[in-house]
Amino acid sequence: MGRAQQLSFKERKWNDFFPVKELHGVIPITETSDLFYWLFPSRNDPDNDPLVIWLTGGPGCSSELAIFFENGPMEIKGGQVKINPYSWNTKANLLFVDQPIGTGFSKAGKGELPKNEEEVAEHFGIFIGTFLKQFPEYIERRVFITGESYAGHYIPHIANYLSAAEFRAAGFNLIGIAIGNGWVDPYNQFPGYASFGFNNRLISRHTKVLVDIGVKFCQLLLRFEVPKLKLTVCDYVQGLVQKFSLKPNFNVYDVRRTCDYPPLCYDMSEIYSYVSRRDVREALGVADREWSACNPDVY
């Protein structure tokens, strides 16, 4: 598709319900499942700046968390939505995706939740194929795929899948990836809980010994792929560090602080109140859908 057929920033009709320019929608993945996206143009040079795709982890946590509380163009304070001057779309076109299907505002048909990262990558490939048709201005544009936490699993698989010749031929120009605080390799990352917890005075020496033993069993189950049992045992190891409390005595994302709003440790009430408003959901075209910060079924 040539550049002459592509729309420029000024030619696009951007929505104005929110305090920043944006476009949003859902892209079908199957007949009964789809992925919700939210696109924000660059504040610098939207016709030439790269496209940065953001994926929140979980698994099953919504990218709206990043839009309003992290690197997105908006923030919620006192019930009011304001412009975030430090957003990543200062220098890039920013695309947030609620994925896998069933996450955030994305819909999952019965029995269609992905079971592995290969299915996640295939679904995202369908998404990208349709997205480029709807937004041909991003054909051949530089693309970076970024994310945090469990996106440490998503991003390598998705990037590898989208590196195939068919996507390059379609104009998907993947330049690089970035993973923050990534959950990439449980086998080698779980042992860090014991030493980190002990060195930061979160657990006693006795608890450290128990965690070390639990990690060995956890690693054994990870090596031999025993899904339900490995989840139970490995979560038990993590629970030893957090003292099996629904309200840990420390913030799991910043151990210098207390966990004042379990389980995510931060107050998410404002975003729940905001996205529950009828006018907001109608503006996003998802008035008939429920939203959750993190979907336990996807997890």
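Which residues in helix 6 meet which residues in helix 7? To find out, select both helices in this predicted model. You will see A194, S195 and F198 on the helix 6 side, meeting R205, K208, V211 and D212 on the helix 7 side.

**Stop 1: helices 6 and 7**

Helix 6 covers residues 192–199, and helix 7 covers residues 205–223. Turn the view until you can look along the pair: their axes are 9 Å apart, and the packing angle is about 170°. Angles over 145 degrees count as roughly antiparallel, so helix 6 and helix 7 are described as roughly antiparallel to each other.

Stay with helix 7 and pick out L220, which belongs to this helix. L220 counts as partly exposed because its relative accessibility is 43%. Now add F217, F224, V226 and L229 to the selection: together with L220 they make a nonpolar surface patch of about 460 Å². Switching on a surface display is a good way to view this patch.

**Stop 2: salt bridges**

Next, look for charged side chains. Across the whole structure, a search finds nine salt bridges, and three of them are worth a visit here.

Select D34 and R289 first. They form a salt bridge in which the closest N and O atoms are 2.7 Å apart. This pair links distant parts of the chain: D34 sits in strand 2 (residues 34–40), R289 sits in the segment after helix 10, and 255 residues separate them. Is this pair buried or exposed? D34 and R289 are both buried.

Move on to helix 10, residues 278–284. Here R278 and E282 meet through their side chains in a salt bridge, with 3.0 Å from N to O. The two are about one helical turn apart because four residues separate them in helix 10. R278 is exposed, at 55% relative accessible area, while E282 is partly exposed, at 48%. Elsewhere, D254, R256 and R257 are joined into one network by salt bridges that share partners.

Select that network now. Within it, D254 forms a salt bridge with R256, and the closest N and O atoms are 2.8 Å apart. How do the two partners differ in exposure? D254 is buried, with a relative accessible area of 12%, whereas R256 is exposed, at 73% relative accessibility.

**Stop 3: N251**

From the network, go to N251, in the loop between helix 8 (227–242) and helix 9 (269–275). With 1% relative accessibility, N251 counts as buried. Which residues does N251 touch, leaving out those up to four places away in sequence? Show R257, T258, C259, C265 and Y266 to see them. For a sense of scale, draw a distance from N251 to F127: their C-alpha atoms are 35 Å apart, and their positions lie 124 residues apart in sequence.

**Stop 4: two cis peptide bonds**

Now turn to the backbone. Between G58 and P59 the peptide bond is cis, with omega about -5°. P59 is in the loop that runs between strand 3 (51–55) and helix 1 (64–69). Another cis peptide bond leads from Q99 to P100, where omega is near 5°. Look for P100 in the loop between strand 6 (93–98) and helix 2 (117–134).

**Stop 5: around strand 7**

Strand 7 spans residues 142–148, and there is something to see on either side of it. In the loop between helix 2 and strand 7, select E140. E140 is not a glycine, yet its phi is positive, at about 70°.

In the loop between strand 7 and helix 3 (151–162), select S149. S149 also has a positive phi without being a glycine, with a value near 55°. At 26% relative accessibility, S149 counts as partly exposed.

Finish on E148, within strand 7 itself. E148 is partly exposed too, with a relative accessible area of 21%. Leaving aside neighbours within four places in sequence, E148 is in contact with W54, L55, T56, G57, E70 and G180. One last distance to draw runs from E148 to A293: 15 Å between C-alpha atoms, for residues 145 apart in sequence.

Methods. Residues are numbered from 1 along each chain as its sequence is written. This is a predicted model: local features need pLDDT of at least 70, side-chain atom pairs count only at pLDDT 80 or more; totals for chains, interfaces and linings use all residues. Side-chain values use heavy atoms; hydrogens and water are left out. Patches are made of residues with over 30% relative accessible area and no salt bridge: like charges are joined within 9 Å, nonpolar side chains (Val, Leu, Ile, Met, Phe, Trp, Tyr) within 5 Å. Accessible areas come from the Shrake-Rupley method with a 1.4 Å probe; for residues, only the protein chains shown count as cover. A salt bridge is a side-chain nitrogen of Lys or Arg within 4 Å of a carboxyl oxygen of Asp or Glu. Buried means under 20% relative accessible area, exposed over 50%, partly exposed in between (1.4 Å probe, protein chains only). Axes are lines fitted to C-alpha atoms, for helices over the stretch in contact, and angles run from 0 to 180 degrees between N-to-C directions. Angles under 35 degrees count as roughly parallel, over 145 as roughly antiparallel, 65 to 115 as roughly perpendicular and the rest as oblique. Contact means heavy atoms within 4.5 Å.
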